[in-house]
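Student: Please take one part of this model and look at it closely. I would like the packing of the helices first, then whatever those helices lead to.

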Amino acid sequence: MDYLEIEGGHKLSGSIDIAGAKNAALPILALTILCENEVEVCNLPPVFDIKTMLTLLENLGATYTFEGDCARVNASTVNKTEAKYDIVRKMRASILTLGPLLARFGHCEVSLPGGCAIGQRPIDLHLKALELMGANIEIKQGYVLATAPDGLKGATIIFDKITVTGTENIVMAAALAKGETKIINAAKEPEVVQLCEILNDHGVLIKGIGSDELIIHGRDRTLLNIPEITVIPDRIEAGTYLCAGAITNSTITLNRVNHSHLISIILKLQEMGFDFDLREESITIKPSPKIRNMSISTTEYPGFPTDMQAQFMALALLADGTSIIEERLFENRFMHVSELTRMGANITLNNNTASVTGKVPLNGADVMATDLRASSALVLAALVANGTTRVHRIYHLDRGYVALEKKLQQLGAKITRLSE
Ligand code: EPZ
């Protein structure tokens, strides 16, 4: 199994390119199930989760070729409707095939994703919404058995909680439903906006894009024709590297970003004392004479993203004073705390709130990655720890970060990938 060996104490410099957004690419790949043609999807990040989704589509009968950062996916040949457990357990975002398969074929069998390290991750809101659209949902032997023999019908859906993949699943289901679907309390993440814009540009009239109320006019099972899609840049990868620049107090530039997706992250870093140069598609972070402590409450977009909570906790270890971090979306998203503590951090937990004492000396140690974003927080801490840190189980990182060690090497970090 691979691990990363990192020698702390080195400043960073230079620039890197940011990849396409994993969490935008996954619903876009699921969307190809609704298409009668081959779709070229570009700016795809070659991370493990994308490969898993492409494998899932292939298992359903689709074909694809992958060249450079583009995949040409032809799902018109899909002739199976079962998303099997052995794939879904590896990547819970496989649940994004539920809406499209049901809308197109009138039935499907999708394994329950199960929980993951950060929480139980239920899909009750997805299922309730599909039932309102006329589906019959049965849970049997760990599978969602969904049927809608006469097709899905438009409905008014109120999400009790804002759910990103729940909104995406229902938007895609509604695209082929008969009549109008209104989603109230919809997610507004940039990846949801891109999915809606693609549909709206290709024959599915959607009102309220970017707001928390969406109205989708379904095509009553008429498939779509979408020639090509370019995935938006990854705001969480960009935020992670901004934290790498901040924690090493370096000047680095990120290219191929959309900084309008980074506002809450930029504002929080400015609050901590950092400054920025923003240009068309790039952002440069500049050092701060001192790092100020701060408080964070994770919330849905455009608020501070839960996927950046762990990375900012690592940065808070260098701030003057105590920072308070409240995790409001997931019930178990503090597993990086015990590993950071092993490096010398002083963090106390009280339910879903962490108090992070700043300006503590960090020491290199053997630490273990537990989930995708927690892993990146350990790497960030290792960049400034005294001595050498080894981050184990980095398959978690490979799910969502393209060649993280290569990009950090390019910026001057002393980091190597080794096998144990
Ligand atoms: C998406 O997960 C992202 N994944 C997650 O990113 C991200 O952390 C999360 O949104 C929140 O922003 C993808 O887009 C593939 P939710 P998702 O449904 O859609 C509860 C990463 O690191 N809920 O918005 O699964 C749920 O328990 C990953 O890239 C229900 O109760 O998250 C949570 O408390 C990690 N019932 C809250 O809603 C449901 O049916 C938000 O979950 C659905 C969700």
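Tutor: H8 and H12 cross in a right-handed sense. Helix H8 covers residues 235-247, and its axis runs 9 Å from that of H12, at an angle of about 20°. Under 35 degrees counts as roughly parallel, so H8 is roughly parallel to H12. Bear in mind that this is a predicted model.

H12 has a second partner to consider. The axes of H10 and H12 come within 7 Å, crossing at roughly 20°. H10 and H12 are therefore roughly parallel to each other as well. Their crossing, too, is right-handed.

Now follow the chain just ahead of H10. Helix H10 spans 309-316, and the loop between it and strand S18 (295-297) holds Pro302. The peptide bond from Tyr301 to Pro302 is cis. Its omega is near 10°.

Go back to H12, because H12 leads to the ligand: helix H12 (372-384) is one of the helices that each supply at least two residues of the shell around the ligand. The others are helix H1 (22-31), helix H5 (124-132) and helix H6 (164-175). H5 gives the most, with three residues.

Next, the shell itself. It consists of 22 residues around the ligand. Asp124, Thr163, Thr165, Asp307 and Leu329 are the closest. By type, the shell has nine nonpolar residues, eight charged ones and five polar ones.

Then the individual contacts. Thr165 places a side-chain N or O atom 2.6 Å from an oxygen atom of the ligand. Two arginines also reach ligand oxygen. For Arg92, a polar side-chain atom lies 3.0 Å from an oxygen atom of the ligand. For Arg121, the corresponding distance from a polar side-chain atom to a ligand oxygen atom is 3.1 Å. How much of the ligand does the protein bury? Taken alone, the ligand exposes 810 Å², and the protein buries 91% of that.

One backbone detail remains, in another loop. Asp220 is found between strand S13 (213-217) and strand S14 (228-230). Its phi is near 50°. That is a positive value in a residue other than glycine.

To retrace the route: start at H12, with H8 at an axis distance of 9 Å and H10 within 7 Å. Move from H12 to the shell around the ligand, to which it supplies at least two residues. End at the side chains of Thr165, Arg92 and Arg121, each with an atom facing a ligand oxygen at the distances given above.

Terms used. Residues numbered from 1 in each chain as written. Predicted model: local features only at pLDDT ≥ 70, side-chain atom pairs only at ≥ 80, totals over all residues. Heavy atoms only, no water. Near = heavy atom within 4 Å. Polar contact = N/O pair within 3.5 Å; in protein donor to acceptor, adjacent residues only side chain to side chain. Areas by Shrake-Rupley, 256 points an atom, 1.4 Å probe, with all protein chains shown as cover. Helix = DSSP H or I, 4+ residues; strand = E, 2+ residues; numbered from the N terminus. Nonpolar A, V, L, I, M, F, W, Y, C, P; charged D, E, K, R; others polar. Axes fitted to C-alpha atoms, helices over the stretch in contact; angles between N-to-C directions. Parallel < 35°, antiparallel > 145°, perpendicular 65-115°, else oblique. Left-handed = near helix turned anticlockwise from the far one by under 90°.
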